[in-house]
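Visitor: I should like to go through the terms used for this structure and hear the reasoning behind each of them. Could you set the values against the cut-offs as we proceed?

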Amino acid sequence: MQLFLGVWQGMRENRDGYWLRWWDEQGNLLLWGTEQVEQERQRTEQERQRTERLVAQLRTAGIEPDL
């Protein structure tokens, strides 16, 4: 795996500035651990909301889902 160091501008620990970040060979920014955790938290929340909508649709159709 080839990694490259590059400059990224943004917020980190409530400080706005330029930061050295790792990038992969396709130019994708590699996330910091805290960014990965936040991304996973958002994905989990979206899935929870989707599940709630589907359960409501089933109940509207007279089907009680087994959860």
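Visitor: Why is Leu20 called exposed?

Guide: This is a predicted model, and the values discussed here are computed from it. Leu20 lies in strand S2. Its relative accessible area is 59%, and exposed means over 50%, so Leu20 is classed as exposed.

Visitor: What makes Leu20 part of a nonpolar patch?

Guide: Leu20 is grouped with Met1, Leu3, Leu5, Val7, Tyr18, Trp22 and Leu30 in a nonpolar patch on the surface. Members of a patch need over 30% relative accessible area, and Leu20 has 59%. Together the residues of the patch have about 940 Å² of accessible area. Strand S1 (3-12) and strand S2 (15-24) each supply at least two of them.

Visitor: Why is Arg21 called buried?

Guide: Arg21 is also found in strand S2. Its relative accessible area is 1%, and buried means under 20%, so the term applies to Arg21.

Visitor: Which residues are in contact with Arg21, leaving aside its neighbours within four places in sequence?

Guide: The contacts of Arg21 are Phe4, Leu5, Gly6, Trp8, Leu29, Leu30, Leu31, Trp32 and Glu35. Two of these, Leu5 and Leu30, are also named in the nonpolar patch.

Visitor: What percentage of the residues of the protein chain count as buried?

Guide: Of the 67 residues, 13% count as buried. The protein chain exposes about 6,000 Å², and carbon and sulfur atoms supply 51% of that area.

Visitor: How do you know that the protein chain is more spread out than a compact globule?

Guide: The protein chain has one helix and two strands, in the pattern β-β-α along the sequence. Its radius of gyration is 20 Å, whereas the globule rule gives 11 Å for 67 residues; the value is well over that of the rule, so the chain is more spread out than a compact globule. Taken along the principal axes, the C-alpha atoms fill a box of roughly 55 × 30 × 15 Å. Among contacts between residues at least 6 apart in sequence, 4% join residues at least 24 apart.

Visitor: Why is Arg43 called partly exposed?

Guide: Arg43 has its place in helix H1 (residues 33-60). Its relative accessibility is 43%, and partly exposed covers the range between under 20% and over 50%, so Arg43 is given that term. The side chains of Arg43 and Glu40 are joined by a polar contact of 2.6 Å. From Leu30, Arg43 is 13 residues away in sequence and 18 Å away in space, C-alpha to C-alpha.

Visitor: What makes the pair Glu45 and Arg48 a salt bridge?

Guide: Side chains of opposite charge can pair when their charged atoms come close. For Glu45 and Arg48 the closest N and O atoms are 2.3 Å apart, and the cut-off is 4 Å, so the pair qualifies as a salt bridge. The two residues are three apart in helix H1, which means a separation of about one helical turn. Glu45, at 26% relative accessibility, counts as partly exposed, and Arg48, at 38%, is partly exposed.

Visitor: How many salt bridges does a search of the whole structure find?

Guide: The search finds seven salt bridges. Among them is that of Glu52 and Arg48, with 2.3 Å from N to O; these residues are four apart in helix H1, about one helical turn. Another joins Arg59 to Glu64, with the closest N and O atoms 3.0 Å apart. Salt bridges that share partners join Glu45, Arg48 and Glu52 into one network.

Visitor: What is the sign of phi in Glu13, and what is it in Asn14?

Guide: Most residues other than glycine have a negative phi. Glu13, although not a glycine, has a positive phi of about 50 degrees, and the phi of Asn14 is positive too, near 60 degrees. Glu13 is found in the loop between S1 and S2, as is Asn14. Glu13 has 63% relative accessibility and Asn14 has 74%; exposed means over 50%, so both count as exposed.

Conventions: Residues are numbered from 1 along each chain as its sequence is written. This is a predicted model: local features need pLDDT of at least 70, side-chain atom pairs count only at pLDDT 80 or more; totals for chains, interfaces and linings use all residues. Side-chain values use heavy atoms; hydrogens and water are left out. Patches are made of residues with over 30% relative accessible area and no salt bridge: like charges are joined within 9 Å, nonpolar side chains (Val, Leu, Ile, Met, Phe, Trp, Tyr) within 5 Å. Accessible areas come from the Shrake-Rupley method with a 1.4 Å probe; for residues, only the protein chains shown count as cover. A salt bridge is a side-chain nitrogen of Lys or Arg within 4 Å of a carboxyl oxygen of Asp or Glu. Buried means under 20% relative accessible area, exposed over 50%, partly exposed in between (1.4 Å probe, protein chains only). A polar contact is a pair of N or O atoms within 3.5 Å; within protein, one must be able to donate a hydrogen and the other to accept it, and residues adjacent in sequence count only if both atoms are side-chain atoms. Contact means heavy atoms within 4.5 Å. The radius of gyration is taken over C-alpha atoms; the globule rule is 2.2 Å times the number of residues to the power 0.38.
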